[in-house]
Amino acid sequence: MKVAVLRGPGTLALEDWPRPAVGAGELLIALRGCGLCGSDLAKIADPAPGPPRVLGHELVGTVVEAGPGVTVAAPGDRVVVAHHVPCGACHYCRRDSHSMCPTFKASGLDPGGFAEYVRVPAPNVRQATFRLPPTLPDEAASFVEPLGCCVRAVRRARVAAGDVVVVVGLGTIGGLFVQLLRRAGAAAVGVDPLAPRRELAARLGARVADPASAAALARELSDGRGADAVLLTAADPELVAWAVGVARDGGAVHLFAGGPGPGLPVGLETLYRRELTLTATYSSSPRDLAEAFELLVTGAVVTEGFVTHRVPLARLAEGVALARERRALKVWVTP
């Protein structure tokens, strides 16, 4: 089978690998497509990317083989599968920190979604494999994983009805956040320097602004107090300092992406006296994924217009360039 292998910093090679064999409780799926995630871009650009590997985790496929004992799906079914799953029983899992679970960190697909076939291990099959109804298109279904992460982020940021929440970065993640915030009864202020992305967020229900006017808009909507929470979808230490200035006293800044630099440009005295809360979301749990799946199936969250570019596996590097240069909103990679 064909796979796109990360062989070094910025180096993707199309190679022939053996098709995985499945065992008890496992699935073999033929890829229908896989979304290109911002975390994939970060790993591809990493100057020390580690051993060769196949990335891609926002995948949709058709089951071609089901191992003994599998009941959630059968050959011919379209499915979405999770790339990581927790044990569900450890200290981290009992405290809703599933993505910190050692089992979660060690789990994975064989290989990643930038391939023609993927083996889904038994724990992933049991905990987070979703059979797709005919009404949910492949591209929309691929947003189960990123939407699950957003569901968890809104919960961790403790967003409540009546809040004013600023979303920085209006790509696909920002678009998902805007919809979740509206469902929670919060007012969403979308911030992005690119006008087309602000227009998309406005269509989804956000009040939009460029970075220079966002703080004033948040104060206007909140009776002068500032944003109850600021959700950062982009990785930049300077944005953290900006977000602290936009958040109200006692408010929260939520990091949805990592970034460079040894620390955050926020004074301890500021955090202390203003009682600010810093939170972050690294990934999601099977519960979050199940909620995201239901939101997409019912149409409560929409993704129309999110996928702007489609490339075959052999041209994955072109898709990476489109996304990195922000010419693409979401790139869909097909075998």
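Let's start with α6 and helix α12, residues 286-297: these two pack at an angle of about 115°, with their axes 8 Å apart. Please keep in mind that this is a predicted model. Angles from 65 to 115 degrees count as roughly perpendicular, and α6 and α12 are therefore roughly perpendicular to each other. If you rotate the view, you'll see that α6 passes α12 in a right-handed crossing.

Who makes that contact? On the α6 side we have V144, E145, L147, G148, V151, R152 and R155. Facing them from α12 are R287, D288, L289, E291, A292, F293, L295 and L296. Sorted by class, the α6 and α12 contact has eight nonpolar residues, one polar residue and six charged ones.

Now stay on α6 and turn to its other partner in this talk, helix α7, which covers residues 172-183. The axes of α6 and α7 come within 10 Å and cross at roughly 50°. With that angle, α6 and α7 are therefore oblique to each other. Their crossing is right-handed.

What does α6 bring to α7? From α6 come P146, L147, C150, V151, A153 and V154. They meet I173, L176, F177, L180 and L181 in α7. And how many charged residues does this contact of α6 with α7 have? There are no charged and no polar residues here, just eleven nonpolar ones. Put that beside the contact of α6 with α12, with its six charged residues. If you like following single side chains, try L147 and V151: they are listed in the contact with α12, and they turn up again in the contact with α7.

Let's move to another helix pair. Helix α1, residues 38-45, and helix α13, residues 316-324, have axes that come within 11 Å and cross at roughly 110°. That makes α1 roughly perpendicular to α13. The residues that meet are L41, I44 and A45 in α1 and V320, A323 and R324 in α13. By class, that is five nonpolar residues, no polar ones and one charged residue.

Next, the empty space, which I suspect many of you were waiting for. Rolling a probe the size of a water molecule over the atoms shows where empty space is left. How many cavities of 30 Å³ or more does the search of the whole structure find? It finds two.

The largest cavity holds about 70 Å³ of space. Its lining has 13 residues, and V80, V81, A82, V144 and E145 lie nearest its centre. Which elements give two or more residues to this lining? They are β4 (58-66), β5 (78-81) and our friend α6 (144-156). So here is a link back to the opening: V144 and E145 are among the residues nearest the centre of this cavity, and V144 and E145 also take part in the contact of α6 with α12. The lining as a whole has nine nonpolar, two polar and two charged residues.

The second largest cavity has a volume of about 30 Å³. Around it you'll find L31, G33, C34, G113, F114, A115, L313, V333, T334 and P335. Strands β3 (27-35) and β15 (331-334) are the elements that give two or more residues to this lining. The largest share, three residues, comes from β3. In class terms, the lining of this second cavity has seven nonpolar residues, three polar ones and no charged residues.

That's my tour, so over to you for discussion.

Note on methods: Residues are numbered from 1 along each chain as its sequence is written. This is a predicted model: local features need pLDDT of at least 70, side-chain atom pairs count only at pLDDT 80 or more; totals for chains, interfaces and linings use all residues. Side-chain values use heavy atoms; hydrogens and water are left out. On a 1 Å grid over the protein atoms alone, a cavity is a set of points where a 1.4 Å probe fits but cannot get out, and a pocket is an open set with protein on both sides within 12 Å along at least five of seven lines; lining residues have an atom within 4 Å of a point. Grid points are joined across faces, edges and corners, and a volume is the space filled by probe spheres set on the points. Helices (H or I, at least four residues) and strands (E, at least two) are DSSP runs, numbered from the N terminus. Ala, Val, Leu, Ile, Met, Phe, Trp, Tyr, Cys and Pro count as nonpolar, Asp, Glu, Lys and Arg as charged, and the others, Gly among them, as polar. Axes are lines fitted to C-alpha atoms, for helices over the stretch in contact, and angles run from 0 to 180 degrees between N-to-C directions. Angles under 35 degrees count as roughly parallel, over 145 as roughly antiparallel, 65 to 115 as roughly perpendicular and the rest as oblique. Contact means heavy atoms within 4.5 Å. A crossing is left-handed if the near helix is turned anticlockwise from the far one by less than a right angle, and right-handed if clockwise.
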